[in-house]
Amino acid sequence: MRIGLLRLYLVVVTTLASTDARAVEFPSVIDRVLGFRAAGNGYAAATGNTPAWCVELGDAELFGIAGLRVAGVRASGHAGDVPLALSVSQLASPVGDEARVDAELGYAPGARWSCAARVGVETVSLVGTAREDALARLALRARADAGHVSVVADVDVVSRTLARDIGLTFGMVARAGSAACVVASARFDGFGVVGAGVSLISRLGGALSLLAGYDDGTESIHGAAVVSIANWRVSTGASYHGVLGVSQAVTIAWTR
């Protein structure tokens, strides 16, 4: 019951704070604009330039509400043909906190396709109450490349106290050389389509990229800028909702 009360309070948060609108995730600026979780590194999935290792720190302020924010850290990389990723994120609110830990292990024999399994746990606590039992998560992700087009599919299963939720996310990336790419995404649950979106990444020279997107599931507009210098990448962006207002986020990543 206490979990239900917190999730009711945070329903407007999770719809925009998460790409899949079901739980708190690492607050990646790029993944938000793309509309799907892209193998722990959305920019690489969209541009085709995948680093061997990446460590990211992220922070997002939600709707200008004091004390309402998501923060986290994520590390991803490859050990031969095995991609690895670990992320920790926490949502803080005036009435309680929600924390999530995800670990991902996959197989990527070459550059044309990859698959991975992801496991995670969530904990929810309300002010003045004990921490609730963890909610278990299991997910499978697959990606395939065909020339300048990539397709990503992600199925996510959440085991709750009284029910089990299943969600499916599709993303399609079409790259126009090294200058730009267009991304289309769609999310489904047990009742059908819950959201679809489109976004654009435009690379202006070697250091600056601009991103823009729209998601009809949350009726929100996203915009971001990405600056890449040597092994560092800084992403900053904002999301606008007609009723809830503006959320701002920043991600700092080190890659090699």
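Buried means under 20% relative accessible area. Keep that cut-off in mind. Asp 145 has a relative accessible area of 17%, so Asp 145 counts as buried. Arg 143 comes out at 15%, so Arg 143 is buried too.

One caution before we go on. This is a predicted model. The average pLDDT over the protein is 82, and 82% of the residues score at least 70. Residues 1–22 are another matter: there the pLDDT is below 50. In the model that stretch still has 64 contacts beyond near neighbours in sequence.

Back to our two residues. Asp 145 and Arg 143 join their side chains in a salt bridge, 3.2 Å from N to O. Both sit in strand S6, which covers residues 135–146. Let's look along that strand.

Which way do the side chains of S6 point? They alternate. Leu 135, Arg 137, Ala 139, Arg 141, Arg 143 and Asp 145 point to one face, and they are buried. Ala 136, Leu 138, Leu 140, Ala 142, Ala 144 and Ala 146 point to the other face, and they are not buried. That fits a general rule. In a regular strand, side chains alternate between the two faces of the sheet. Notice what is on the buried face here: three arginines and an aspartate are among its residues.

Now the neighbours of S6. On one hand there is strand S5, residues 113–126, antiparallel to S6 and joined to it by ten bridges. Here Ala 116 stands opposite Arg 141. Then there is strand S7, residues 149–159. S7 also runs antiparallel to S6, and eleven bridges join the two. Ala 144 stands opposite Val 151 in that pairing. S6 and S7 make a hairpin with two residues between them. Gly 147 is in the turn, and its phi is positive, about 70 degrees.

Further along the chain we meet more hairpins. Strand S9, residues 180–189, pairs antiparallel with strand S10, residues 192–204, through ten bridges. Two residues lie between them in the hairpin. Val 182 has Leu 200 in S10 as its bridge partner. Then S10 pairs with strand S11, residues 208–215, again antiparallel, over eight bridges. Leu 204 has Leu 208 in S11 as its partner. This hairpin has three residues between the strands, and Gly 205 takes a positive phi near 75 degrees.

Next, charges. Side chains of opposite charge can pair when their charged atoms come close. How many salt bridges does the structure hold? It holds 13. We have seen one of them, Asp 145 with Arg 143. Here are two that reach across the chain.

Asp 31 and Arg 74 meet at 3.4 Å, N to O. Asp 31 is in helix H3, residues 29–34, and Arg 74 is in strand S2, residues 69–79. They are 43 residues apart. Both are buried.

Arg 233 bridges to Glu 56, with the closest N and O atoms 3.9 Å apart. Arg 233 lies in strand S13, residues 232–241, and Glu 56 lies in strand S1, residues 53–61, so this pair ties together parts that are 177 residues apart in sequence. Arg 233 is buried at 8%. Glu 56 is buried at 3%. Through shared partners, salt bridges join Asp 31, Glu 56, Arg 74 and Arg 233 into one network.

On to the rings. There are two aromatic pairs in the structure. In the pair of Tyr 107 and Trp 113, the ring centres are 5.9 Å apart. Why is this pair edge-to-face? Planes over 60 degrees apart count as edge-to-face, and these planes are at 75 degrees. Tyr 107 is partly exposed at 39%, and Trp 113 is partly exposed at 41%.

Phe 170 and Phe 188 make an edge-to-face pair as well, with 6.2 Å between centres and 80 degrees between planes. Phe 170 is in strand S8, residues 164–176, and Phe 188 is in S9, so the pair links parts 18 residues apart in sequence. Phe 170 is partly exposed at 38%, and so is Phe 188, at 29%.

Last, the cysteines. A disulfide is a covalent bond between the sulfur atoms of two cysteines. How many disulfides does a search of the whole structure find? Zero. Cys 54 is buried at 2%, while Cys 115 is partly exposed at 30%.

Definitions and conventions: Residues are numbered from 1 along each chain as its sequence is written. Side-chain values use heavy atoms; hydrogens and water are left out. Two strands pair if DSSP finds at least two bridges between them. Helices (H or I, at least four residues) and strands (E, at least two) are DSSP runs, numbered from the N terminus. Buried means under 20% relative accessible area, exposed over 50%, partly exposed in between (1.4 Å probe, protein chains only). Rings of Phe, Tyr and Trp (its six-membered ring) pair if their centres lie within 6.5 Å; planes under 30 degrees apart count as stacked, over 60 as edge-to-face and the rest as tilted. pLDDT is the predictor's confidence in each residue, from 0 to 100. Contact means heavy atoms within 4.5 Å. A disulfide is a pair of cysteine sulfur atoms within 2.5 Å. A salt bridge is a side-chain nitrogen of Lys or Arg within 4 Å of a carboxyl oxygen of Asp or Glu.
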